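Welcome, and thanks for opening the viewer. Let us walk through this model together, one selection at a time.

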Amino acid sequence: MASEAKEDVRPCDPGTSESGRMQNSIKEGDFVIFKKENILKAIQIRKNRTMFLEKMKFKLDGAIGHPYGTMFEVCNMKLVKVERKILNTEDATDKGIDNRDLHDRNLENQKLSRDEIVEMKKEGLRGQEIVDQLVENSATFKIKTEFSQEKYIKKKKKKHVSVYTILRPCTRLISDMYTNKGPARILNLRIDSLGQILSQANVRANSRVIVMENTLGLVLGAVLERLSGLGCVVSVYSGTDVHGSRPAVEVFNFTKEQLAILHHYPLHELDTVNTDIADTNPQSINTDTVTIEKKSTDIAMATASDVAMENDSDKTGIESGKDKTNENEIIKDNSKGDTTEKNEAIVAIKNTDTEQGVTKETKEKATNGDNKSKRFRYEKEEHSEKKAEWRNKVEETRKILKAGDFDSLIVASKFHPTPIVMDLIEYVAPSRPIVVFSQYKEPLMDCFSKLRSRGGVLNLRLTETWLREHQVLPGRTHPLINMSATGGYLLTATMVMRD
Amino acid sequence: MASEAKEDVRPCDPGTSESGRMQNSIKEGDFVIFKKENILKAIQIRKNRTMFLEKMKFKLDGAIGHPYGTMFEVCNMKLVKVERKILNTEDATDKGIDNRDLHDRNLENQKLSRDEIVEMKKEGLRGQEIVDQLVENSATFKIKTEFSQEKYIKKKKKKHVSVYTILRPCTRLISDMYTNKGPARILNLRIDSLGQILSQANVRANSRVIVMENTLGLVLGAVLERLSGLGCVVSVYSGTDVHGSRPAVEVFNFTKEQLAILHHYPLHELDTVNTDIADTNPQSINTDTVTIEKKSTDIAMATASDVAMENDSDKTGIESGKDKTNENEIIKDNSKGDTTEKNEAIVAIKNTDTEQGVTKETKEKATNGDNKSKRFRYEKEEHSEKKAEWRNKVEETRKILKAGDFDSLIVASKFHPTPIVMDLIEYVAPSRPIVVFSQYKEPLMDCFSKLRSRGGVLNLRLTETWLREHQVLPGRTHPLINMSATGGYLLTATMVMRD
Amino acid sequence: MSFKEYRPNILDGDTVVLFMGHANMLSLKLQKGEVFQTKFGALHHDDVIGKKYGSKVRTGKGFVYVLHFTPELWTLNLPHRTQILYATDISMVTIQLDLKPGSIVVESGTGSGSLSHSIIRAIAPTGHLHTFEFHEERSKKARKEFDDHDIGEYVTVRHRDVCENGFDLEHVADAVFLDLPRPWDALVSAKTALRKEGGRLCSFSPCIEQVQKSCEKLRDLGFTEIVTLECLLRPFNVSNVSLPMPQMSSMKKRKYETDAEDCDGATKVLKQPDGNLKEDDDPQKDEVKNKGSETKNVVKDEESEIFNLRPYVDSHDAVTICGSNAKFKTGIPPTLMPGHTGYLTFATLLPYG
Amino acid sequence: MSFKEYRPNILDGDTVVLFMGHANMLSLKLQKGEVFQTKFGALHHDDVIGKKYGSKVRTGKGFVYVLHFTPELWTLNLPHRTQILYATDISMVTIQLDLKPGSIVVESGTGSGSLSHSIIRAIAPTGHLHTFEFHEERSKKARKEFDDHDIGEYVTVRHRDVCENGFDLEHVADAVFLDLPRPWDALVSAKTALRKEGGRLCSFSPCIEQVQKSCEKLRDLGFTEIVTLECLLRPFNVSNVSLPMPQMSSMKKRKYETDAEDCDGATKVLKQPDGNLKEDDDPQKDEVKNKGSETKNVVKDEESEIFNLRPYVDSHDAVTICGSNAKFKTGIPPTLMPGHTGYLTFATLLPYG
């Protein structure tokens with residue numbers, strides 16, 4: 001119990017160094033996360049942009065210049081900074097159970113009518129003021145116990161005070177956002193599984209990582225965050241993701257430099273990574289006739305890619321029947337738009353509470369306003385140019401992939417993972433980890449057996465994790481009454497040299 | 001908050017009635033359970049019988065006449081009653097974790113050598129006296145903190161004080177016994193799954209239940225306990241279980257009357273339950289030639305059953321290679337012995353800690369002593385007589401089964417359950433539950449699909465349960481650091497009328 | 001209708017379960033001449049009365065199944081007067097309290113009677129339940145329910161604050177169950193209620209602080225084998241899943257598509273049956289949908305082939321490839337499951353005195 | 001060997017993982033000319049030095065694989081000076097503390113450095129870890145380990161009782177991690193260590209009482225988003241299982257047996273490979289065996305067929321019948337799994353001041 005301890009302060013201790021730190025205030029162009037308890041929404045800050053959130057409509061301008069972590073209330077369609085003291089709806093709220101002794105719930109006897117409250121909101125009254133009015137007009141408030149009074153106020157605050165904290169996006173918050181919205185769209189990848197993917201794959205700065213994912217970019221973004229511009233990431237994308245676009249990646253606010261390490265490679269060209277043709281004439285692979293003119297090959301390739309996309313969607317449609325998911329539509333929409341449009345799409349995902357609503361709003365956006373003409377211009381002028389650029393990038397990535405010796409492989413795919421894994425492990429160096437995620441156990445059991453048969457793979461392990469949250473309050477501590485029943489399954493292994 | 005409350009005492013209130021209660025004292029012939037923390041062993045009390053437990057050897061006579069729940073210490077190869085106050089090794093013992101502040105574990109400095117302690121035990125010193133000696137001879141005991149002293153004494157008591165509580169067997173204790181010994185032998189059926197089987201199958205007095213189980217009789221015994229001699233149970237047994245014997249059932253101490261409701265039916269005769277032949281000439285079914293003499297048919301049947309048994313065992317041997325389990329050998333041994341022998345086998349199961357040990361001891365028992373001649377006599381005189389008796393009983397059971405309208409079906413089998421379930425549900429009345437247990441999920445998924453295809457089955461549900469135990473101690477409350485990862489899977493459903 | 005025994009035919013005055021799909025059941029008391037409006041149209045009570053339990057009965061626009069109540073179905077359909085115990089905890093309580101015909105059991109509080117029905121099932125016809133309820137109203141309703149359910153003879157319902165006034169029972173019980181906000185206040189009296197020959201006790205508490213106080217008191221009172229358990233039910237939605245095979249070559253694409261035609265029969269999309277009630281309805285489906293978390297690629301298991309033993313050589317594959325899809329059967333857990341109901345603390349009282 | 005980056009070839013002086021089957025690994029520091037006795041015979045260090053990481057190296061009676069350390073392998077093979085955090089909790093801590101290159105992190109106590117290695121992996125090369133250890137000896141050993149592991153530049157190790165004397169850091173950290181018996185005593189100082197622009201905090205405690213006190217203190221200090229989590233790993237042993245089909249007719253018996261011959265190839269019993277090291281070694285096997293709870297009927301997955309896309313029509317069956325056996329692939333959980341390590345309490349400090 002050394003009362004005054006010796007300290008081994010290293011000369012290189014950066015301690016309070018602020019070098020390389022991000023700016024702390026919200027600025028135009030930033031993606032930010034609006035958070036109110038379990039509601040999280042990502043949006044890119046733009047002046048005069050209208051946001052929809054919990055049936056409210058407001059401009060984002062008020063947030064600009066304030067530090068991240070500031071709380072705002074919506075008031076007269078604007079964001080107004082709020083001091084943190086007056087509200088504390090979040091903590092110390094009992095999340096359920098043991099209400100057996102609660103009675104008289106319907107005896108509130110509120111003099112204000114619902115219409116009067118709506119009217120007050122229209123007049124621009126802030127949530128706290130409305131709550132004050134409700135307390136004032138409650139016939140029973142004064143006869144309640146102190147505990148009941150507190151509970152009453154919290155309940156009313158939760159309903160009427162629309163206060164959001166604006167946070168800087170990070171893997172945790174983006175994961176929470178998708179999870180709370182409906183984890184099926186990210187293959188039920190829960191945060192504990194995501195955390196394990198990053199650890200088990202030994203992702204760190206200067207790593208060379210292959211990622212094949214269909215989690216809207218959540219896994220890819222998480223990997224890029226851990227690399228922070230150092231290393232190399234090859235993202236293998238399937239036909240449905242035009243040019244490998246991943247909406248979640250945008251939200252991370254990566255700099256150009258940080259994104260420079262990201263390379264895209266199409267899944268349907270994996271068979272030709274090692275062909276000699278690719279070396280001598282990278283533009284002509286993947287067609288039956290080798291002696292084809294460069295430009296037309298590019299277009300053919302691009303078309304093939306588009307077609308593949310549509311076929312894939314169709315097949316999905318057949319398999320899942322009614323389950324034609326919204327994210328596909330959004331991504332398709334994106335493919336025709338510019339960067340701004342993509343961002344709109346992300347906002348749209350977050351804008352409504354029902355899946356149906358998303359589709360509707362997205363469509364409205366797509367056909368409305370001045371974006372339309374923009375997109376039209378783009379299609380005419382930039383189409384073939386972009387395709388050529390994309391083709392060149394793919395050829396670059398092909399070389400990187402062919403060079404092999406990657407430090408890890410991460411697969412979190414909507415496809416059956418086995419063929420992908422069996423192909424991509426060939427590019428992973430010995431003594432390196434691979435991690436395969438699936439929301440189903442059976443494909444991973446299949447993959448497990450195939451890897452074991454192949455050999456050259458150690459430490460094969462199939463796992464799932466249980467994540468349990470606890471309410472910790474004085475005298476009322478217990479696990480939450482609901483828990484997630486699945487966060488997906490993981491297959492992890494270490495590659496070694498084969499005999 | 002009625003301080004003096006009104007009481008609705010029903011006229012039929014049996015209140016303090018003691019009618020029909022079991023005797024409370026341990027008597028010769030009873031199966032009892034020896035319990036010391038997680039060690040549970042079942043044995044039938046016989047005068048002069050030697051029991052082996054935790055490397056000790058002792059006679060059981062000392063227990064006779066004492067009430068159930070009495071604690072005994074082994075002393076001079078005898079059981080001696082112990083007052084409960086002096087020991088309390090069980091409660092308030094920290095079961096792990098947070099030993100980070102523990103040091104100096106090897107500094108105990110005990111003056112007594114191991115040999116001296118062994119000598120003391122030989123001399124018949126009781127555990128408490130040995131612990132006293134150890135404290136006396138510990139150089140460091142006096143300088144320990146009070147907490148450490150307490151911990152030290154508890155640790156030593158646990159090691160040297162062999163005190164067992166003799167308890168009356170019941171489903172819970174028998175389940176605990178098998179679970180602690182290695183749950184694979186009862187198909188990893190955990191107590192929470194067993195509890196659910198009984199509830200979901202709506203087992204109660206006056207029920208008519210079909211049970212097909214390979215859990216050594218644990219499930220069958222549990223059902224019989226809930227029926228307590230009222231109702232009807234048809235136990236469908238496979239060839240490996242000679243005449244449907246189930247070792248765990250013996251341990252429950254059922255009376256003859258309680259066992260009278262139990263009927264056995266061989267699995268391999270399920271196909272002939274409804275044949276007309278069985279109605280007119282119950283003895284001649286299951287052979288190609290109908291016009292066969294009664295007696296010889298019986299023998300043929302019995303032989304077929306024995307053969308089936310051996311073939312089954314062989315097949316199991318092929319499938320699991322080395323995993324020829326001990327319980328099979330024990331049961332085989334039983335088949336040649338009388339009731340006493342069977343009981344011996346159960347004791348043998350409990351007598352040692354290693355599976356290998358069981359086999360060895362059982363074999364020794366089988367070849368030793370006066371049991372041998374008894375068995376020989378039995379084989380000569382009673383063989384054909386018993387076979388005929390058994391045949392008659394099977395025919396009786398066939399009629400019961402054929403009558404149908406059972407109140408529930410419980411399957412907890414080592415076989416693939418689907419064919420068994422699809423066959424036996426035909427004997428279950430509409431609006432009645434069925435419950436199928438398996439240690440694997442896949443066979444139940446198969447069964448689920450087949451039942452759904454068949455129709456006439458509602459509320460199909462496949463579940464597993466998590467069972468978590470907590471250490472609750474002042475300032476040291478947490479879940480146990482180890483938990484069971486599986487207790488098996490359950491398929492439950494309700495039968496209805498088909499169109 | 002009786003909770004004592006099954007009755008084959010539905011009688012006037014019976015309370016029955018109307019089954020209209022999982023998580024879509026309700027309790028109905030039949031009365032000659034009455035009509036009940038289901039979401040599938042009118043159900044004439046007279047169409048139900050006289051039928052066998054388990055029958056399918058026409059409604060205006062479809063049909064329903066009429067089931068005999070069991071304690072488990074009662075727990076799912078009872079009128080809630082309080083928070084109740086559910087089947088998973090109930091089955092644990094029943095087995096851990098060593099209940100069987102003849103057991104004398106003490107319960108407090110009676111609450112909505114969810115556990116009481118299961119206790120009575122286990123101990124009838126030779127045992128008896130003494131159940132105590134703090135609220136007079138609830139206690140009266142429970143009394144009436146037990147009588148209506150033909151199990152009144154097995155239970156004594158008392159309106160009494162046991163924490164204040166104790167159970168007023170001396171050494172009669174084999175088991176005591178407590179579901180009280182302050183269980184420790186009832187433990188001394190619970191010990192008195194248990195037979196001197198010993199018995200078992202269970203206390204159900206949602207919060208760990210309640211458990212801590214109870215365990216301390218149990219130790220003080222000389223109870224042994226004090227064990228605190230939690231038991232959670234995880235259901236699986238059995239489904240046939242088709243994951244697309246990755247298109248890892250533009251060349252192979254056409255081939256896959258041709259293959260796919262060969263196995264169309266095995267990949268049917270779920271068709272709704274003609275009636276409104278799907279007999280193949282599965283546990284989680286509705287819930288999962290409501291929570292907006294339906295997973296993709298799931299084809300419901302609608303194979304019409306009857307059960308047959310079909311020899312097949314290569315049999316260990318969890319996943320089989322069919323054209324451009326990987327197909328397998330799996331059990332999908334729901335997005336949400338019960339994370340906590342309460343802690344069950346069990347203890348043994350060994351013989352004394 | 002370095003924890004900063006992978007090195008292709010094994011050098012003299014490197015500390016490497018010798019892999020001899022799952023749950024059978026150990027750490028070895030190489031030194032020219034030395035010989036190490038494995039259970040498979042002598043391993044000459046010189047046979048290892050110069051090889052590529054991931055190589056198979058001969059020993060006297062068999063072979064071993066030599067692996068490059070990762071923080072996860074380190075956690076499994078490190079010298080225990082204290083109880084340590086394991087990979088499941090570590091990955092949760094790392095993702096929930098928002099760690100990434102550039103993060104400044106405070107940790108107490110250093111313990112055996114299990115978590116420290118993972119923190120450094122996440123924040124290097126632009127971030128820094130300030131780790132505090134109460135025991136001088138442990139603190140010195142940690143310092144040496146970090147240097148040996150080529151990550152010394154990213155970490156400052158301090159020998160200090162932070163509960164008594166605080167962290168002595170003012171508004172520099174993005175994240176704080178506490179693994180202390182009395183974490184609440186360090187929370188005021190932890191808040192001071194966090195940047196005024198806000199940050200994240202995690203406290204790991206085995207007992208709920210510690211969590212309760214910590215949460216109360218966190219609320220008092222103005223932390224928000226206070227969440228207590230538990231994360232448990234459930235591994236599955238992937239196995240091919242053959243359950244016998246029930247013999248439900250004496251007549252059909254002979255037929256089954258004939259069928260069985262057709263598919264013998266698919267039901268091979270596990271053969272031991274010639275070498276001592278089984279490459280198909282699976283996670284739980286050893287453990288399960290030791291605990292005497294090996295389930296029956298399990299045939300290890302030893303199929304020698306290479307991966308191929310084999311079209312198969314009837315594909316949704318979880319179980320297929322092969323002669324007298326039902327065969328399926330399943331994931332068998334071990335008998336025992338970790339039931340508890342500790343509670344992870346996370347909290348956010350929003351910007352202030």
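Start by selecting D:Asp98 and A:Arg172: their side chains meet in a salt bridge, with 2.8 Å from N to O. Keep in mind that what you see is a predicted model.

**Stop 1: where chain D meets chain A**

You are now at the contact between two chains, so to speak, and it is worth widening the selection. Chain D brings 96 residues to the contact and chain A brings 91 residues. Together they bury an area of about 8,200 Å², with carbon and sulfur atoms giving 55% of it. How many salt bridges are there between chain D and chain A? The count is 3. Polar contacts between these two chains come to 17 residue pairs, with both residues at pLDDT 80 or more.

Next, select residues 224–244 of chain D. This is strand E12, which gives the most to the side of chain D that touches chain A, with 14 residues. If you colour that whole side of chain D by residue type, you should find 42 nonpolar, 21 polar and 33 charged residues.

Keep E12 of chain D on screen and add residues 457–471 of chain A. That stretch is strand E14 of chain A, and 9 bridges join it to E12 of chain D, the two running antiparallel. For one spot to zoom in on, find A:Leu462, which stands opposite D:Phe236.

**Stop 2: a sheet in chain A, and the helix across it**

Now hide chain D and look at chain A. Here you can trace an open sheet of 5 strands in the order E3-E2-E8-E6-E7, paired antiparallel. Which strands lie at its edges? They are E3 (39–44) and E7 (78–82), each pairing on one side only. Direction ignored, neighbouring strands of the sheet are turned by 35 degrees against each other on average.

Zoom in on E2 (residues 31–36), which is joined to E3 of chain A by 6 bridges in an antiparallel arrangement. Within this pair, A:Ile33 has A:Ala42 as its bridge partner.

Then add residues 171–181 of chain A. They make up helix H4, which lies across E2, E3 and E8 (163–167) and runs at about 115 degrees to E3.

**Stop 3: a hairpin in chain A**

Stay in chain A and select residues 50–53 and 56–59. These are strands E4 and E5, paired in the antiparallel sense over 4 bridges. A:Met51 has A:Phe58 as its bridge partner. The two strands form a hairpin with 2 residues between them, and A:Glu54 in the turn has a positive phi of about 45 degrees.

**Stop 4: a link between distant parts of chain A**

Select A:Arg391 and A:Glu269, which form a salt bridge with their closest N and O atoms 2.9 Å apart. The pair links distant parts of the chain, 122 residues apart: A:Arg391 belongs to helix H14 (residues 371–403), while A:Glu269 is in the loop between strand E11 (262–266) and helix H9 (276–280). Over all chains, the count comes to 60 salt bridges.

**Stop 5: a sheet in chain C**

Finally, bring up chain C. Its 4 strands in the order E2-E1-E6-E5 form an open sheet with antiparallel pairing. E2 (25–29) and E5 (56–58) of chain C each have a single partner strand, so one side of each is left without a neighbour in the sheet. From one strand to the next, the twist averages 40 degrees.

For a last close-up, select E5 and E6 (residues 63–67) of chain C, which run antiparallel and are joined by 3 bridges. There, C:Lys56 has C:Tyr65 as its bridge partner.

Key:
Residues are numbered from 1 along each chain as its sequence is written. Chains are lettered from A and ligands numbered from 1 in the order in which they are written. This is a predicted model: local features need pLDDT of at least 70, side-chain atom pairs count only at pLDDT 80 or more; totals for chains, interfaces and linings use all residues. Side-chain values use heavy atoms; hydrogens and water are left out. Contact means heavy atoms within 4.5 Å. Buried area is the accessible area (1.4 Å probe) that two parts lose on being put together, summed over both. A salt bridge is a side-chain nitrogen of Lys or Arg within 4 Å of a carboxyl oxygen of Asp or Glu. A polar contact is a pair of N or O atoms within 3.5 Å; within protein, one must be able to donate a hydrogen and the other to accept it, and residues adjacent in sequence count only if both atoms are side-chain atoms. Ala, Val, Leu, Ile, Met, Phe, Trp, Tyr, Cys and Pro count as nonpolar, Asp, Glu, Lys and Arg as charged, and the others, Gly among them, as polar. Two strands pair if DSSP finds at least two bridges between them. Axes are lines fitted to C-alpha atoms, for helices over the stretch in contact, and angles run from 0 to 180 degrees between N-to-C directions.
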